[in-house]
Amino acid sequence: MPPWAAVVSALAFLCLAVITHRYWTWERTLLAIAVFNLVFVPVALLAHPDWHSVGRALLTWKPLPGLSKDTLIIVLADIGATVTPWMLFFQQSATVDKGLTKKDIHLGRIDTVVGAALAATAAVATILATAPLFARHMTAENFQAAEFAQALRPLIGRFGAALFALGIVEAGMVASVTISISSAYAFGEVARRPHSLNLPMAEGRVFYSVLFLCAVTAGAIVLIPGLPLIYVVLLVNVVAVLAMPPALVFLFMLANDREVMGDLVSPTWANILTTGVVVFLALAGILFGISVIAPSIFAFLGGK
Amino acid sequence: MPSKDKNHSLISFADQELVLESLERDQLAGLKKPLIPRRRLKGLEKFVLWSLRIYLIFMMAVVVYQVWIGTH
């Protein structure tokens, strides 16, 4: 399949998801696709991992690579792919679109925990599925996105490779749809224009225009010939993690504003955790900055 | 007219609830307008937010520099 066909398919899926102008339909469509995220689990099983080593690695966090600029970029990109500023905009606007109220908070928390557990399971499965490549010294430097599935074919078979490719397509599709909608929500917030997936096209013209503009721009970037897509993905996620501390501090202030939150202000333990996350992310960002503009200081701090 | 009134009285409480429930999402979406006035920030809050703005701009410059290094 040529790359443009994949981009057109993703755009068609986006249209299908929002065409009813109902958040409910959009959410169900996306969840139906997101289930395919779990295809990485059978792929991981096909890779026949050494479960003893897997257990040891999960418990001890070893082996860890040394501190280098490349490692730092990978770690930051991993964090940036997991906790991102756009999620804040998405989460709060989606909560309103879904019509959730105070009585739904408990179910919302269960939703979050189940979602996080499933996402972590899929992430671990993806790492296990690609482990045979790394064991043979084949890394992201050798492949671009979908080529991973082709490279895995001799190791896990045609079925496993096809499942892996399906998982990659699903992940990309869900991300592109969610992030473009999140951008449209954020634009609506900032520009004070109507922004909801429940709006008919006539009333939400700006919202839907931003949504499709973001998706089309992303699709056009992907189609640029010779663009190192893996590097772009890493860099985008690094930018996301660098933008996280200001967004988190803003959220922190909002969650502690009694006028806005009433009796639902953030508890002390959550504030301590948030402060820890903000400090960690800011320090990681500063370390990345040092590694780029002052490699000698980075080396002095133990970096390679 | 009398027949209309009769029909109107046939709408049960459960039906009314159903209609309100189905309209609720749109109503909530319509309510997504700023109802709370802009907050006046204190000194420390202003300092933290401005520090983070400067941090963000500086870090974006670092990322651009990293891309420049990568492409050269």
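What does chain B average in pLDDT? In this predicted model, chain B averages a pLDDT (the predictor's confidence in each residue, from 0 to 100) of 75, and 64% of its residues score at least 70. Residues are numbered from 1 along each chain as its sequence is written, while chains are lettered from A and ligands numbered from 1 in the order in which they are written. Because the model is predicted, local features need pLDDT of at least 70 and side-chain atom pairs count only at pLDDT 80 or more, whereas totals for chains, interfaces and linings use all residues.

**View 1. Chain B and its helices.** Chain B has three helices and zero strands, taken as DSSP runs numbered from the N terminus (helices: H or I, at least four residues; strands: E, at least two). Among the elements of chain B, helix 1 (residues 2–10) has the lowest mean pLDDT, 52, and helix 3 of chain B the highest, 89. Of the 72 residues of chain B, 4% count as buried, that is, with 20 or more other C-beta atoms, placed from the backbone, within 10 Å of their own.

**View 2. The side of chain B that touches chain A.** In this view, 22 residues of chain B are in contact with 26 residues of chain A, contact being defined by C-beta atoms, placed from the backbone, that lie within 7 Å. Helix 2 (13–30) and helix 3 (43–71) of chain B each supply at least two residues of this side, and helix 3 of chain B gives the most, with 14 residues. By type, the residues of this side of chain B divide into 13 nonpolar, two polar and seven charged, where Ala, Val, Leu, Ile, Met, Phe, Trp, Tyr, Cys and Pro count as nonpolar, Asp, Glu, Lys and Arg as charged, and the others, Gly among them, as polar.

**View 3. Two nonpolar cores.** The largest nonpolar core (buried Ala, Val, Leu, Ile, Met, Phe, Trp, Tyr and Cys residues joined through C-beta atoms within 7 Å) has 20 residues, of which Leu14(A), Ala184(A) and Leu211(A) touch the most other members. A second, separate core of 19 residues includes Leu234(A), Val238(A), Met244(A) and Val62(B).

**View 4. The bend in helix 8 of chain A.** Helix 8 of chain A bends by about 135° at Ile156(A), the bend being the angle between axes fitted to the seven residues ending there and the seven starting there. After helix 8 of chain A comes Arg192(A), whose phi is positive, near 55°.

Key. Two residues are in contact if their C-beta atoms, placed from the backbone, lie within 7 Å. A residue is buried if 20 or more other C-beta atoms lie within 10 Å of its own, exposed if 12 or fewer, and partly exposed in between; C-beta atoms are placed from the backbone.
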